[in-house]
Amino acid sequence: MTGNGRVSWLDDRAAVDLGTARIRLIGFGHPSIVDEPSGVPGSPRPVRHGLVADVAACARLVDQVLRTALPEGARTPGRVLVGVPVTASPAERATVTGIVERAAGCAATVVEEPLAAALGSGLDITGPRPRLLMDVGAGIIEAVVIRDAAVTDAVAVQLPADGDGSLPAHVQDRVTEMAAELLARLPARLRPAAREGGLMLTGGGAAEAGLAGRLCSRLRMTVSSAPEPAHATVRGLARLCLPPMAALLALPTA
(Lines give C-alpha, C1' and ligand atoms only; values in the text may rest on other atoms or scores of the structure.)
Protein backbone atom coordinates (compact mmCIF):
# COMPACT_ATOMS: atom_id res chain seq x y z
CA MET A 1 0.00 0.00 0.00
CA THR A 2 1.09 3.59 -0.55
CA GLY A 3 1.05 6.20 2.18
CA ASN A 4 -2.35 7.53 1.18
CA GLY A 5 -3.96 4.09 1.20
CA ARG A 6 -3.92 3.43 -2.55
CA VAL A 7 -2.67 0.11 -3.80
CA SER A 8 0.73 0.67 -5.41
CA TRP A 9 -0.18 -0.88 -8.79
CA LEU A 10 -2.58 2.01 -9.38
CA ASP A 11 0.38 4.37 -9.66
CA ASP A 12 1.84 2.95 -12.87
CA ARG A 13 -1.05 1.08 -14.49
CA ALA A 14 -4.48 1.97 -15.74
CA ALA A 15 -7.73 0.46 -16.98
CA VAL A 16 -9.64 2.22 -19.78
CA ASP A 17 -13.23 1.53 -20.82
CA LEU A 18 -13.55 3.23 -24.22
CA GLY A 19 -17.30 3.32 -24.73
CA THR A 20 -19.61 4.82 -27.34
CA ALA A 21 -21.05 7.41 -24.95
CA ARG A 22 -18.51 7.54 -22.09
CA ILE A 23 -14.80 6.89 -21.54
CA ARG A 24 -13.81 5.73 -18.07
CA LEU A 25 -10.40 5.26 -16.48
CA ILE A 26 -9.04 3.88 -13.21
CA GLY A 27 -5.37 4.11 -12.29
CA PHE A 28 -2.17 6.14 -12.59
CA GLY A 29 -2.59 7.13 -8.96
CA HIS A 30 -5.77 9.12 -9.66
CA PRO A 31 -7.99 9.00 -6.55
CA SER A 32 -11.26 8.20 -8.33
CA ILE A 33 -12.76 6.92 -11.57
CA VAL A 34 -12.35 9.39 -14.44
CA ASP A 35 -15.68 9.37 -16.30
CA GLU A 36 -16.03 11.68 -19.30
CA PRO A 37 -18.20 11.90 -22.44
CA SER A 38 -16.70 10.11 -25.47
CA GLY A 39 -16.56 13.23 -27.59
CA VAL A 40 -14.06 15.89 -28.62
CA PRO A 41 -14.52 19.21 -30.49
CA GLY A 42 -15.17 18.54 -34.14
CA SER A 43 -16.08 14.87 -33.63
CA PRO A 44 -18.83 14.19 -31.09
CA ARG A 45 -18.79 10.43 -31.82
CA PRO A 46 -15.23 9.14 -32.29
CA VAL A 47 -16.43 5.75 -30.95
CA ARG A 48 -19.43 3.92 -32.44
CA HIS A 49 -20.75 0.50 -31.53
CA GLY A 50 -17.93 0.33 -28.99
CA LEU A 51 -15.30 0.59 -31.75
CA VAL A 52 -13.08 3.35 -33.10
CA ALA A 53 -14.90 5.30 -35.80
CA ASP A 54 -12.54 8.28 -36.10
CA VAL A 55 -8.90 7.41 -35.37
CA ALA A 56 -7.61 10.98 -35.00
CA ALA A 57 -10.52 12.08 -32.80
CA CYS A 58 -10.30 8.94 -30.67
CA ALA A 59 -6.58 9.55 -30.16
CA ARG A 60 -7.37 13.08 -28.93
CA LEU A 61 -10.05 11.69 -26.61
CA VAL A 62 -7.74 9.11 -25.04
CA ASP A 63 -4.94 11.65 -24.69
CA GLN A 64 -7.32 14.09 -23.02
CA VAL A 65 -8.47 11.54 -20.44
CA LEU A 66 -4.92 10.35 -19.74
CA ARG A 67 -3.86 13.93 -19.09
CA THR A 68 -6.71 14.25 -16.61
CA ALA A 69 -5.51 11.18 -14.70
CA LEU A 70 -1.72 11.58 -14.94
CA PRO A 71 -0.27 14.29 -12.70
CA GLU A 72 2.07 16.73 -14.44
CA GLY A 73 5.61 15.45 -14.46
CA ALA A 74 4.57 11.87 -13.67
CA ARG A 75 6.81 9.10 -14.92
CA THR A 76 5.85 7.04 -17.95
CA PRO A 77 3.20 4.50 -16.97
CA GLY A 78 3.90 0.80 -17.16
CA ARG A 79 0.84 -0.66 -18.87
CA VAL A 80 -2.75 0.08 -19.84
CA LEU A 81 -5.59 -2.44 -20.15
CA VAL A 82 -8.36 -1.35 -22.50
CA GLY A 83 -11.72 -3.00 -23.17
CA VAL A 84 -13.07 -3.98 -26.58
CA PRO A 85 -16.31 -5.68 -27.64
CA VAL A 86 -16.17 -9.45 -28.07
CA THR A 87 -17.17 -8.88 -31.69
CA ALA A 88 -14.12 -6.66 -32.41
CA SER A 89 -12.00 -8.00 -35.26
CA PRO A 90 -8.21 -8.42 -34.97
CA ALA A 91 -7.75 -5.23 -37.01
CA GLU A 92 -10.15 -3.30 -34.78
CA ARG A 93 -8.35 -4.55 -31.67
CA ALA A 94 -5.02 -3.50 -33.17
CA THR A 95 -6.40 -0.01 -33.86
CA VAL A 96 -7.46 0.44 -30.24
CA THR A 97 -4.11 -0.90 -28.99
CA GLY A 98 -2.17 1.49 -31.22
CA ILE A 99 -4.18 4.54 -30.18
CA VAL A 100 -3.78 3.83 -26.46
CA GLU A 101 -0.09 2.96 -26.72
CA ARG A 102 0.71 6.19 -28.57
CA ALA A 103 -1.29 8.29 -26.11
CA ALA A 104 0.04 6.60 -22.96
CA GLY A 105 3.60 5.97 -24.12
CA CYS A 106 3.52 2.41 -22.83
CA ALA A 107 2.28 -1.06 -23.72
CA ALA A 108 -1.47 -1.63 -23.97
CA THR A 109 -3.41 -4.89 -23.83
CA VAL A 110 -7.01 -5.35 -25.01
CA VAL A 111 -9.51 -7.36 -22.96
CA GLU A 112 -13.01 -8.38 -24.00
CA GLU A 113 -15.39 -6.04 -22.20
CA PRO A 114 -18.02 -8.58 -21.03
CA LEU A 115 -15.28 -10.66 -19.40
CA ALA A 116 -13.99 -7.58 -17.58
CA ALA A 117 -17.56 -6.60 -16.68
CA ALA A 118 -18.13 -10.03 -15.12
CA LEU A 119 -15.07 -9.55 -12.91
CA GLY A 120 -16.19 -6.04 -12.04
CA SER A 121 -19.58 -7.42 -11.04
CA GLY A 122 -18.06 -9.88 -8.59
CA LEU A 123 -18.87 -13.01 -10.59
CA ASP A 124 -16.65 -16.05 -10.17
CA ILE A 125 -15.61 -16.75 -13.74
CA THR A 126 -12.83 -19.24 -13.05
CA GLY A 127 -14.78 -22.50 -13.01
CA PRO A 128 -16.52 -24.69 -15.60
CA ARG A 129 -19.99 -23.55 -14.54
CA PRO A 130 -21.41 -21.28 -17.30
CA ARG A 131 -22.14 -17.70 -16.27
CA LEU A 132 -24.43 -15.52 -18.38
CA LEU A 133 -23.86 -11.78 -18.73
CA MET A 134 -25.37 -9.03 -20.86
CA ASP A 135 -23.39 -5.81 -21.27
CA VAL A 136 -25.82 -3.03 -22.29
CA GLY A 137 -23.80 -0.23 -23.84
CA ALA A 138 -24.86 2.91 -25.68
CA GLY A 139 -23.71 1.57 -29.06
CA ILE A 140 -23.66 -2.21 -28.70
CA ILE A 141 -25.30 -4.83 -26.50
CA GLU A 142 -23.44 -8.10 -26.05
CA ALA A 143 -24.69 -11.23 -24.30
CA VAL A 144 -22.09 -13.85 -23.48
CA VAL A 145 -21.43 -17.21 -21.87
CA ILE A 146 -18.33 -17.30 -19.67
CA ARG A 147 -16.62 -20.53 -18.60
CA ASP A 148 -13.10 -21.22 -17.34
CA ALA A 149 -12.19 -17.50 -17.45
CA ALA A 150 -13.07 -17.12 -21.14
CA VAL A 151 -15.99 -16.04 -23.29
CA THR A 152 -17.15 -19.25 -24.93
CA ASP A 153 -20.13 -17.91 -26.89
CA ALA A 154 -21.50 -14.46 -27.65
CA VAL A 155 -24.27 -12.65 -29.52
CA ALA A 156 -24.56 -8.92 -30.15
CA VAL A 157 -26.89 -6.17 -31.33
CA GLN A 158 -25.56 -2.85 -32.62
CA LEU A 159 -27.64 0.21 -31.72
CA PRO A 160 -28.32 3.17 -34.04
CA ALA A 161 -25.51 5.72 -34.01
CA ASP A 162 -28.01 8.59 -33.76
CA GLY A 163 -29.97 7.09 -30.86
CA ASP A 164 -30.45 8.85 -27.52
CA GLY A 165 -29.24 5.88 -25.47
CA SER A 166 -32.70 4.60 -24.57
CA LEU A 167 -33.98 1.18 -25.61
CA PRO A 168 -37.44 1.26 -27.21
CA ALA A 169 -39.71 -1.75 -26.81
CA HIS A 170 -38.83 -3.29 -30.18
CA VAL A 171 -35.12 -3.14 -29.36
CA GLN A 172 -35.71 -4.69 -25.95
CA ASP A 173 -37.68 -7.48 -27.65
CA ARG A 174 -34.81 -8.08 -30.07
CA VAL A 175 -32.28 -8.15 -27.23
CA THR A 176 -34.47 -10.55 -25.26
CA GLU A 177 -34.70 -12.96 -28.18
CA MET A 178 -30.93 -12.67 -28.63
CA ALA A 179 -30.41 -13.79 -25.04
CA ALA A 180 -32.86 -16.66 -25.48
CA GLU A 181 -30.93 -17.80 -28.56
CA LEU A 182 -27.68 -17.73 -26.59
CA LEU A 183 -29.19 -19.85 -23.81
CA ALA A 184 -30.63 -22.32 -26.33
CA ARG A 185 -27.18 -22.79 -27.90
CA LEU A 186 -25.74 -24.04 -24.63
CA PRO A 187 -25.41 -27.83 -24.43
CA ALA A 188 -28.46 -29.24 -22.63
CA ARG A 189 -26.30 -30.54 -19.76
CA LEU A 190 -25.08 -27.00 -19.00
CA ARG A 191 -28.40 -25.15 -19.12
CA PRO A 192 -29.57 -25.99 -15.57
CA ALA A 193 -26.38 -24.56 -14.08
CA ALA A 194 -26.65 -21.47 -16.28
CA ARG A 195 -30.26 -20.90 -15.21
CA GLU A 196 -29.34 -21.36 -11.58
CA GLY A 197 -26.64 -18.69 -11.86
CA GLY A 198 -29.00 -16.20 -13.50
CA LEU A 199 -28.23 -13.41 -15.94
CA MET A 200 -26.11 -10.43 -14.87
CA LEU A 201 -26.72 -7.04 -16.51
CA THR A 202 -23.89 -4.51 -16.80
CA GLY A 203 -23.32 -1.29 -18.71
CA GLY A 204 -24.99 2.09 -18.67
CA GLY A 205 -28.26 0.67 -20.03
CA ALA A 206 -28.58 -2.10 -17.44
CA ALA A 207 -31.24 -0.14 -15.55
CA GLU A 208 -33.34 0.58 -18.66
CA ALA A 209 -37.01 0.42 -17.66
CA GLY A 210 -38.62 -2.90 -18.56
CA LEU A 211 -35.50 -4.69 -19.80
CA ALA A 212 -34.86 -6.89 -16.76
CA GLY A 213 -38.55 -7.84 -16.58
CA ARG A 214 -38.67 -8.83 -20.25
CA LEU A 215 -35.54 -10.95 -19.89
CA CYS A 216 -36.73 -12.62 -16.70
CA SER A 217 -40.09 -13.52 -18.26
CA ARG A 218 -38.63 -14.83 -21.52
CA LEU A 219 -35.68 -16.72 -20.06
CA ARG A 220 -37.47 -17.95 -16.91
CA MET A 221 -34.46 -17.17 -14.75
CA THR A 222 -33.22 -14.55 -12.31
CA VAL A 223 -31.99 -11.33 -13.89
CA SER A 224 -30.01 -8.86 -11.77
CA SER A 225 -27.94 -5.72 -12.30
CA ALA A 226 -24.36 -5.30 -11.12
CA PRO A 227 -23.62 -2.67 -8.48
CA GLU A 228 -22.98 0.58 -10.37
CA PRO A 229 -23.36 -1.31 -13.65
CA ALA A 230 -21.94 1.50 -15.80
CA HIS A 231 -18.57 1.09 -14.06
CA ALA A 232 -18.47 -2.72 -14.04
CA THR A 233 -16.16 -2.99 -17.05
CA VAL A 234 -13.57 -0.49 -15.84
CA ARG A 235 -13.63 -2.05 -12.36
CA GLY A 236 -12.98 -5.46 -13.88
CA LEU A 237 -10.17 -4.15 -16.05
CA ALA A 238 -8.60 -2.65 -12.93
CA ARG A 239 -8.79 -6.02 -11.17
CA LEU A 240 -6.96 -7.53 -14.12
CA CYS A 241 -4.02 -5.25 -13.36
CA LEU A 242 -3.47 -7.33 -10.22
CA PRO A 243 -1.02 -10.21 -10.69
CA PRO A 244 -3.40 -13.03 -9.60
CA MET A 245 -6.04 -12.09 -12.16
CA ALA A 246 -3.51 -11.16 -14.83
CA ALA A 247 -1.94 -14.61 -14.48
CA LEU A 248 -5.36 -16.25 -14.66
CA LEU A 249 -6.04 -14.72 -18.06
CA ALA A 250 -2.39 -14.91 -19.25
CA LEU A 251 -2.04 -11.12 -19.33
CA PRO A 252 1.37 -9.48 -18.95
CA THR A 253 2.17 -8.34 -15.41
CA ALA A 254 5.29 -6.32 -16.15
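Where is His 49 found? His 49 sits in the loop between strand E4 (47–48) and strand E5 (51–52). Strands (E, at least two residues) and helices (H or I, at least four) are DSSP runs, numbered from the N terminus.

This is a predicted model, in which local features need pLDDT of at least 70, side-chain atom pairs count only at pLDDT 80 or more, and totals for chains, interfaces and linings use all residues. Residues are numbered from 1 along each chain as its sequence is written, and side-chain values use heavy atoms, with hydrogens and water left out.

**Around His 49**

Leave aside the neighbours within four places in sequence. His 49 is then in contact (heavy atoms within 4.5 Å) with Thr 20, Pro 85, Gly 139, Ile 140, Gln 158, Leu 159 and Ala 161. His 49 and Val 96 are 47 residues apart in sequence; from C-alpha to C-alpha they are 13 Å apart in space.

**Helix pairs**

Two packed helices are described by the angle between their axes and the distance between the axes. Axes are lines fitted to C-alpha atoms, for helices over the stretch in contact, and angles run from 0 to 180 degrees between N-to-C directions.

| Helix pair | Angle | Axis distance |
|---|---|---|
| H4 (169–185) and H6 (211–219) | about 40° | 9 Å |
| H1 (55–69) and H2 (90–104) | roughly 45° | within 9 Å |
| H3 (113–120) and H7 (232–239) | about 85° | 6 Å |

Angles under 35 degrees count as roughly parallel, over 145 as roughly antiparallel, 65 to 115 as roughly perpendicular and the rest as oblique. H4 is therefore oblique to H6. H1 and H2 are oblique to each other. H3 and H7 are roughly perpendicular.

The crossing of H1 and H2 is right-handed (the near helix is turned clockwise from the far one by less than a right angle). The crossing of H4 and H6 is right-handed.

Which residues of H1 and H2 meet? Val 55, Cys 58, Ala 59, Val 62, Asp 63 and Leu 66 in H1 touch Thr 95, Ile 99, Val 100, Ala 103 and Ala 104 in H2. This contact has nine nonpolar residues, one polar and one charged. Here Ala, Val, Leu, Ile, Met, Phe, Trp, Tyr, Cys and Pro count as nonpolar, Asp, Glu, Lys and Arg as charged, and the others, Gly among them, as polar.

**The largest pocket**

The largest pocket has a volume of about 370 Å³. On a 1 Å grid over the protein atoms alone, a pocket is an open set of points where a 1.4 Å probe fits, with protein on both sides within 12 Å along at least five of seven lines. A volume is the space filled by probe spheres set on the points.

Lining residues have an atom within 4 Å of a point. Of the 25 that line this pocket, Arg 24, Val 136, Gly 137, Ala 138 and Gly 204 are the closest to its centre. The lining holds nine nonpolar, ten polar and six charged residues. Helix H7 supplies at least two of them, as does strand E1 (13–18).
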